[in-house]
Amino acid sequence: MTILEINGHDYTHYVADDGYDWSRDDLDSEKTKRVRSGKLRRNKITEKRNLTFKMLPMPEALAAQLDTDLHAAAFNVKYLDLHGEQTREFYCSQFPAKLRQIIDKGNRLWSGVSFGLHEI
């Protein structure tokens, strides 16, 4: 099962056990407002997904590939949604990573990688 694939690169095995959060946000038009009685008159335009990931320590080359994938202005993501596996277009405005170098048999692993994806 795919939990996270970006531009064809599968990062599923590096998503931490408690490292995936999903949300749905509604977008309303400027016509949405409360009337004098206090009742809301709503004009919903659409809904968008927001995904947040915390990753396990990963090899330096894979962390660099992830950074490259997230750096694009827009990219395709295959992910697990409440409604099954989905593929949608997202962007990442921040890559807040506390990258701590760990040496493991001469290979560098990077930990503390986390990021949010916002549907376009």
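This section describes the sheet, the nonpolar core, the aromatic pairs and two polar sites of a predicted model.

The strands S2, S1, S8, S9, S12, S6 and S3 form, in that order, an open sheet of 7 strands with antiparallel pairing. Its edges are occupied by strand S2 (9–10) and by S3; each has a single partner strand, so one side of each is left without a neighbour in the sheet. Within the sheet, S1 and S8 run antiparallel and are joined by 3 bridges. One residue pairing involves Glu5, whose bridge partner in S8 is Lys78.

The largest nonpolar core comprises 20 residues, and the members with the most contacts inside it are Leu4, Met55, Leu66, Phe115 and Leu117. At least two residues of this core are supplied by each of strand S1 (4–6), strand S6 (44–55), helix H1 (60–71), strand S8 (75–81) and S12. In general, nonpolar side chains of soluble globular proteins tend to be buried together. The surroundings of Met55 illustrate the arrangement of the core. Setting aside residues up to four places away in sequence, Met55 touches Leu4, Tyr11, Tyr14, Val15, Ala16, Leu66, Val113 and Phe115. Three of these neighbours, Leu4, Leu66 and Phe115, are also listed among the core residues with the most contacts.

Phe115 also takes part in the aromatic pairing. A search of the whole structure returned 4 aromatic pairs. In one of them, the ring centres of Phe95 and Phe115 lie 6.1 Å apart and the planes meet at 35°; the angle falls between the limits of 30 and 60 degrees, so the pair is classed as tilted. This pair links distant parts of the chain, 20 residues apart: Phe95 lies in the loop between strand S9 (84–91) and strand S10 (100–104), whereas Phe115 belongs to strand S12 (residues 114–119). The two residues also have separate burial classes. Phe115 is buried, with a relative accessible area of 2%, while Phe95, at 27% relative accessibility, counts as partly exposed. Ring pairs further link Phe95 and Phe115 with Tyr20 and Phe53 into a cluster.

The first polar site centres on Ser29, in the loop between strand S3 (15–28) and strand S4 (33–34). Ser29 has a relative accessible area of 13% and is therefore buried, the cut-off being under 20%. A polar atom of the Ser29 side chain lies 3.0 Å from the backbone nitrogen of Lys31. The side chain of Ser29 also makes a polar contact of 2.9 Å with the side chain of Asn43. Beyond residues up to four places away in sequence, Ser29 touches Asn43 and Ile45.

The second polar site centres on Glu47, which is found in strand S6. Glu47 lies 18 residues from Ser29 along the chain, and the C-alpha atoms of the two are separated by 12 Å. With a relative accessible area of 28%, Glu47 is partly exposed, whereas Ser29 is buried. The side chain of Glu47 is joined to that of Lys44 by a polar contact of 3.2 Å, and a polar contact of 3.2 Å also joins the side chains of Glu47 and Arg49. When residues up to four places away in sequence are not counted, Glu47 touches Arg24, Asp25, Asp26 and Glu119.

Definitions and conventions:
Residues numbered from 1 in each chain as written. Predicted model: local features only at pLDDT ≥ 70, side-chain atom pairs only at ≥ 80, totals over all residues. Heavy atoms only, no water. Phe/Tyr/Trp six-rings, centres within 6.5 Å; stacked < 30°, edge-to-face > 60°. Helix = DSSP H or I, 4+ residues; strand = E, 2+ residues; numbered from the N terminus. Buried < 20%, exposed > 50% of the residue type's maximum accessible area, 1.4 Å probe, protein only. Polar contact = N/O pair within 3.5 Å; in protein donor to acceptor, adjacent residues only side chain to side chain. Contact = heavy atoms within 4.5 Å. Core = buried A, V, L, I, M, F, W, Y, C linked by side-chain atoms within 4.5 Å. Pairing = 2+ DSSP bridges.
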